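Good morning, and thank you for making time for this presentation. Please keep the sequence and the model in view while I speak.

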Amino acid sequence: MFRRLKKYLRRFSLFKSQTVITESKPRIGINTEIHDCDISPLTSVGKNCYLYKTSLGAFTYLSQNVNIMNSAIGKFCSIGQGVCISTGMHPSSTFVSTHPAFFSLHKQSGATFAKESHFREMGHTTIGNDVWIGTNAIIMDDLTIGDGAIIGAGAIVTKDVLPYSIVVGNPAKHLRFRFEKDEIDFLLAFKWWTKDLAWIEENYIQFHDIKSFMKNNSGNH
Ligand SMILES: CC(C)(COP(=O)(O)OP(=O)(O)OC[C@H]1O[C@@H](n2cnc3c(N)ncnc32)[C@H](O)[C@@H]1OP(=O)(O)O)[C@@H](O)C(=O)NCCC(=O)NCCS
């Protein structure tokens, strides 16, 4: 009788074992295209996304309609819908036309006049760990977004973002830091995202409060 009850409760997630890790491959939504990427098995990419030459660390997840090119994205990042990261560049000075038919071999419109590449069209953007990127934010090429940063919804990021900084607006500006300086220094040295999953699982409750996290882990790194 008890065994039957346990089975029934487990079916409705009320009696699950502690282990959180169940996925052995990434979850990929419909109409999503992924080319030449390095995607951790523990990730989720929503529908209608496009990923090119991009790496995603464990636990990072993308909502729908996300477009990312030439980027390295760390672990535990949350990426909102409609976000665009490092999607390419056209010349904005010197060149008479911004059209790639004059500088690119990629034939974006189906044809090109260029006999070789004359312009660096793609940058490379690095996003740290535990970064939260709000809905419809745009992050330009060749930027570095530090660990723990938050990019507000709709922000257009044109400059590097410091670790644990919150930036908002167009162009994105620093609003405030998430934590006090000593707390940020602690987190950047501790790098909890490098801990093994058993440690994170055992200590997850501490993640709810920076003060107790610091108190319990000082001298632990
Ligand atoms: C960036 C963000 C985290 C800031 O949250 P917060 O620290 O609680 O900030 P507050 O709401 O107290 O706002 C502080 C100030 O920033 C402004 N602000 C907040 N978010 C903003 C944004 N995305 N763009 C522009 N300004 C913003 C507020 O208007 C306020 O301005 P004021 O001081 O002149 O009144 C949040 O506003 C945000 O954009 N979250 C993303 C939500 C989202 O995209 N969810 C879906 C994906 S999971």
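I begin with Lys 53, which counts as partly exposed because 16 C-beta neighbours lie inside 10 Å. This is a predicted model, and that should be kept in mind throughout. Lys 53 is found in strand 5. Its phi is positive, about 45 degrees, although Lys 53 is not a glycine.

A second lysine deserves a place beside it. Lys 107 also departs from glycine in identity, yet its phi is positive, near 50 degrees. Where does Lys 107 lie? Its place is the loop between strand 9 (84-85) and strand 10 (125-127). Lys 107 is exposed, because 11 other C-beta atoms lie within 10 Å.

Let me now step back to the protein as a whole. It has 4 helices and 17 strands. Of its 221 residues, 26% are buried. Among contacts with a separation of 6 or more, 24% are between residues 24 or more positions apart.

How are the strands of the open sheet ordered? The sheet is made of 8 strands in the order 1-4-6-8-11-14-16-17, and the pairing is mixed. Its edges are strand 1 (27-28) and strand 17 (173-177), each of which pairs on one side only.

Within this sheet, strand 8 (residues 78-79) and strand 11 (residues 132-133) are paired in the parallel sense over 2 bridges. Ile 79 stands opposite Ile 133 there. Strand 14 (residues 150-151) and strand 16 are likewise joined in the parallel sense, over 2 bridges, with Ile 151 opposite Val 167.

Strand 16 merits a closer look. In a regular strand the side chains alternate between the two faces of the sheet. In strand 16, Ser 165 and Val 167 point to one face and are buried, whereas Ile 166 and Val 168 point to the other and are not. On its other pairing, strand 16 runs antiparallel to strand 17, and 4 bridges join the two. Val 167 stands opposite His 174 in strand 17.

The hairpin of strand 16 and strand 17 has 4 residues between the strands, and Gly 169 takes a positive phi near 95 degrees in it. Pro 171 is placed in the loop between these strands. Asn 170 and Pro 171 are joined by a cis peptide bond, with omega about -5 degrees.

I turn next to the ligand. Which classes of residue make up the shell around it? The shell has 5 nonpolar and 7 polar residues, and no charged residues. Among those surrounding the ligand are Ile 166, Val 168 and Gly 169, and Ile 166 and Val 168 are the residues of strand 16 that point to the face that is not buried. Ser 78, Gly 134, Ile 150 and Leu 175 also belong to the surroundings of the ligand.

Two further sites remain. Phe 59 is found in the loop between strand 5 (50-56) and strand 6 (61-62). Is Phe 59 buried or exposed? Phe 59 is buried, because 20 other C-beta atoms lie within 10 Å and 20 is the number at which a residue counts as buried. Beyond its neighbours within four places in sequence, Phe 59 is in contact with Leu 42, Lys 75 and Phe 76. Pro 41 is 18 residues from Phe 59 in sequence and 8.7 Å away in space, C-alpha to C-alpha.

Finally, helix 4 (residues 210-217) is hardly covered, with 0 buried residues among its 8. Gly 219 follows helix 4, and its phi is positive, near 80 degrees.

Terms used
Residues are numbered from 1 along each chain as its sequence is written. This is a predicted model: local features need pLDDT of at least 70, side-chain atom pairs count only at pLDDT 80 or more; totals for chains, interfaces and linings use all residues. A residue is near a molecule or strand if its C-beta atom, placed from the backbone, lies within 6 Å of it. Ala, Val, Leu, Ile, Met, Phe, Trp, Tyr, Cys and Pro count as nonpolar, Asp, Glu, Lys and Arg as charged, and the others, Gly among them, as polar. A residue is buried if 20 or more other C-beta atoms lie within 10 Å of its own, exposed if 12 or fewer, and partly exposed in between; C-beta atoms are placed from the backbone. Two residues are in contact if their C-beta atoms, placed from the backbone, lie within 7 Å. Two strands pair if DSSP finds at least two bridges between them.
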